[in-house]
Amino acid sequence: MSLDYDAIIIGAGMSGMYQLLRLREAGLRVRVFEAGTGVGGTWYWNRYPGARFDSESYSYGYSFSKDLLDEWQWSQHFSPQPETLRYLEHVADRFDLRRDIRFRARVRAAHYDQAAGSWVVRLEDGSRHRCRYLVSAVGPLSAPTYPRIDGREDFAGPAYHTGLWPKQPVSFAGKRVAVIGTGATAVQVVPEVAKQADQLYVFQRTANYDLAGQNHPLDPAYVREVKANYKEIWDTARASAFGFPYGVHERSALAVSPEERQRIYEEGWAVGGFHFLFDTFSDLIFDKEANDTAAEFVRAKIRATVHDADVAELLAPKDHPFSTKRPPLEHGYYEAFNRDNVTLVDLHRTPIQTMTAHGVRTADREYAVDSIIFATGFDAMTGALTRMDIRGRGGLSLQAKWADGPRTYLGVATHGFPNMFMITGPQSPSVLSNMPVSIEQHGDWIADCLSYLRAHGVKSIEPTLAAEDGWVAHVAEAAAATLLPLTDSWWVGANIPGKPRQLYAYIGGVGPYRTRCDEVAANGYEGFALG
Ligand code: NAP
C-alpha cells in the first residue's frame with residue numbers, strides 16, 4: 001500500500017509547526033492537517049480581549065534558531081495574543097512552513113492498518129491520507145467546554161466561548177455583559193471588557209489565587225541583556241522543574257522568620273508572574289503549612305486592592321490550597337472590581353438556575369445582559385485526542401483504552417497504537433511547564449526517534465505494556481507527593497463530569513523528565529517494542 005506521506009501531524013500550532021520543521025530536516029515527507037485557516041493553535045483560537053501568555057516573553061518562543069531569537073522583538077514583558085500570533089506567522093513564513101500545511105482540514109479519524117503497517121487519516125471532507133507515522137500536535141487546551149446550565153441555548157444575544165473567539169473584533173461598548181468563570185482566561189478578559197462595557201457581571205463559582213503579572217513595556221537595555229544570555233536562559237529552563245528560567249531557592253517557607261518570609265514573598269510579588277510561586281520557596285506545593293503562608297499572603301494582597309471589603313472577601317479563596325488550581329496571572333483583574341460598572345455574582349450564595357432569552361437567572365434574580373462570555377475552559381489534556389476517532393491495533397479506540405484515564409509511556413506514546421506520538425500529551429510535563437520548552441523537547445525527541453527507526457530499518461515502534469504500567473504508576477506517585485490532587489480542578493479532570501480523576505500532567509519536573517527521555521533513546525528506545 002503506497003504512502004501519501006511519511007508522517008502526518010495533526011495541528012499547526014506551536015508544536016505542529018516545530019514538528020514539521022524537525023521532520024522535514026530529518027528528510028521525511030510530511031503533511032500537517034490544521035482545522036483553522038492559519039497557523040498558531042492556541043494563539044489562533046484564543047483571540048479574546050486581554051489574551052496573553054503567562055510566561056515572560058523572553059522565555060515564550062522557539063529556542064532552536066539563534067537568528068530567530070536575535071531578530072524577533074517582543075514589545076512587552078507579557079506580550080498580548082496578537083503579537084504571539086504575529087510571531088508564529090513570522091516563523092511560518094521564515095521557515096516556509098505553509099507549503100506542507102493544509103488548512104481548513106479537521107481530522108475526524110485516524111485508523112491503524114495493521115496489515116500495511118500504516119495509518120489512514122480521514123478528514124472532515126471525507127478524504128483519506130495514508131502515512132507511516134502519526135503525530136498528534138493538537139494541544140492540551142484546545143477542546144473548549146461549555147457549562148452544563150439549563151437553557152444555555154435559549155439566550156437570544158451573542159454568546160462567545162473564549163477559546164473559539166471570532167476573528168473580527170467584538171465590541172462591548174455600551175453593552176451589558178456576563179462573564180461566566182473566573183479561571184486564567186476570565187481573569188484576562190474581565191479588565192478589558194470592563195473598560196468597554198456599560199455593565200459587567202462576573203459569575204464566580206470558585207475564587208482563585210491570582211498572581212500579579214506586573215506587565216510592562218520592554219526596556220531596550222533589558223532586551224539586549226536577554227539576547228546576550230539566551231544560551232544560559234534556555235539551558236536553565238530546560239533543566240528546571242517547570243520550564244522557566246528562574247533562579248531556584250531550595251528553602252522551606254517554614255524555615256525562615258515571618259518577617260523574612262514576608263520580605264521574600266513581597267520580592268517575588270514585585271518581580272511578578274510565576275516568580276511568586278517558583279522563585280520564593282520550594283515547598284509551597286508539597287507542604288500544606290508552607291502553602292498556607294503563601295495563601296494568606298495572596299489573600300492579603302486581594303484585600304488591599306479591592307475597596308469593597310465584602311467583594312474582597314468573596315474574591316479571596318479559602319476553599320483550596322494555593323496553586324492547587326492553576327494560578328492565573330492578573331493584569332488589573334482585582335482593580336476591575338473597584339469600578340462602578342463591575343459586579344461580582346457569588347454563585348455559592350445564589351447559584352445559576354437557568355439561562356433565559358435575556359440573560360442569566362440565579363437563585364435570587366435575573367441578570368439581563370446583551371452578551372455572554374463563556375470563560376469556562378477546556379476538556380484538557382485528553383479531550384482533543386479522544387474527540388477524534390483514533391483506533392490502533394485490532395481496531396482498539398483510544399477512547400476505550402483511556403476509559404479509566406490516559407495510559408501512556410512518557411506521555412509520548414501509548415501501547416496498542418504503533419507509530420503514534422503525542423506532543424505535550426497526557427502524563428508528560430505539558431501544562432505543568434512553560435509550554436515552548438516542552439514542545440521543543442518532544443519535537444526533538446520524536447524527530448530523533450524517527451531518524452533512528454529509519455536508520456535501523458525498524459518499521460514500527462510502540463511502548464510495551466510493562467513500560468507503560470511503570471510510567472503510569474510513576475506519574476501517579478509524583479502527583480501524590482504534592483497537594484494538587486486535593487483540589488477539584490481541570491488539572492485532575494474535575495471540570496468534566498465523569499472524567500476519571502487523576503493528575504493528567506507529569507509533575508516530576510521538566511529537567512528530570514528530559515533526562516529520562518534521553519536515557520530511553522540512548523538505550524535503543526528502552527521500554528518500546530521495535531518491529
Ligand atoms: P478554567 O481554568 O477551567 O476555568 C473555567 C472557569 O469556569 C472556572 O472559574 C469554573 O469554575 C467556571 N465554570 C465552569 N463551569 C461553570 C458553571 N457551570 N457555572 C459557573 N462557573 C463555571 O478555564 P480557563 O480560564 O479557560 O483556563 C484554562 C487553562 O488555560 C488555564 O488554567 C491555563 O493553563 C490556560 N490559560 C493560559 C493562559 C496563559 O498562559 N496566558 C491564559 C488563559 C488560560 P470552577 O473553578 O468552580 O470550576
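This is a short guided tour of the structure above, with something to select at each stop.

Before setting off, note that the model is predicted, so to speak of a local feature a pLDDT of at least 70 is needed, side-chain atom pairs count only at pLDDT 80 or more, and totals for chains, interfaces and linings use all residues. Residues are numbered from 1 along each chain as its sequence is written, and side-chain values use heavy atoms, with hydrogens and water left out.

**Stop 1: strand S1 and its partners**

Select residues 5-10, which make up strand S1. Helices (H or I, at least four residues) and strands (E, at least two) are DSSP runs, numbered from the N terminus. Is S1 buried or exposed? Six of its six residues are buried, so the strand is largely enclosed by the rest of the structure. Here buried means under 20% relative accessible area, exposed over 50%, and partly exposed in between (1.4 Å probe, protein chains only).

Now add residues 128-136, strand S6, which pairs with S1 in the parallel sense over five bridges. Two strands pair if DSSP finds at least two bridges between them. Look for tyrosine 5, which stands opposite cysteine 131 in S6. Next add residues 30-33: this is strand S2, running parallel to S1 and joined to it by four bridges. Isoleucine 8 faces arginine 31 of S2 across this pairing. To get from S1 to S2 the chain goes through helix H1 (residues 14-25), in a β-α-β crossover that is right-handed. That term applies if, with the strands pointing away from the viewer, the path from the first strand over the helix to the second runs clockwise.

**Stop 2: a five-stranded parallel sheet**

Which strands form the next sheet, and in what order? Five strands make an open, parallel sheet in the order S7-S16-S8-S9-S12. Colour S7 (159-161) and S12 (342-346) to see the edges: each has a single partner strand, so one side of each is left without a neighbour in the sheet. Neighbouring strands here are turned by 20 degrees against each other on average, direction ignored. Such angles run from 0 to 180 degrees between N-to-C directions, with axes being lines fitted to C-alpha atoms, for helices over the stretch in contact.

Zoom in on S9 (residues 199-204), which runs parallel to S12 and is joined to it by five bridges. Leucine 200 sits opposite valine 342 of S12. Although S12 is an edge strand, four of its five residues are buried, so it is largely enclosed by the rest of the structure.

**Stop 3: two loop residues**

Pick threonine 182, in the loop between S8 (176-180) and helix H5 (184-196). Threonine 182 is buried, at 7% relative accessible area. Leaving aside neighbours within four places in sequence, its contacts (heavy atoms within 4.5 Å) are Val187, Val202, Phe203, Gln204, Thr206, Asn208 and Tyr333.

Then move to aspartate 210, in the loop between S9 and strand S10 (211-212). Aspartate 210 counts as buried, with a relative accessibility of 1%. Not counting residues up to four places away in sequence, aspartate 210 touches Val187, Trp269, Val298, Pro328, Glu330, Tyr333 and Tyr334. For a distance to try in your viewer, go from aspartate 210 to glutamate 313: they are 103 residues apart in sequence and 14 Å apart in space, C-alpha to C-alpha.

**Stop 4: two helix pairs**

Two packed helices are described by the angle between their axes and the distance between the axes.

Show H8 (residues 258-271) with H10 (residues 288-305), whose axes are 11 Å apart at an angle of about 60 degrees. That makes H8 oblique to H10; angles under 35 degrees count as roughly parallel, over 145 as roughly antiparallel, 65 to 115 as roughly perpendicular and the rest as oblique. Residues making the contact include Trp269 of H8 and Val298 of H10.

How do H15 (residues 435-455) and H17 (residues 510-522) cross? Their axes come within 11 Å and cross at roughly 0 degrees, which makes H15 roughly parallel to H17. Among the residues that meet are His442 and Trp445 in H15, and Tyr513 and Arg514 in H17.

**Last stop: a three-stranded sheet**

Finish with the open, antiparallel sheet formed by three strands in the order S13-S14-S15. S13 (352-355) and S15 (366-368) stand at the edges, each with a single partner strand, so one side of each lacks a neighbour in the sheet. S13 pairs with S14 (residues 359-362) in the antiparallel sense over three bridges, and isoleucine 352 stands opposite threonine 362 in S14.
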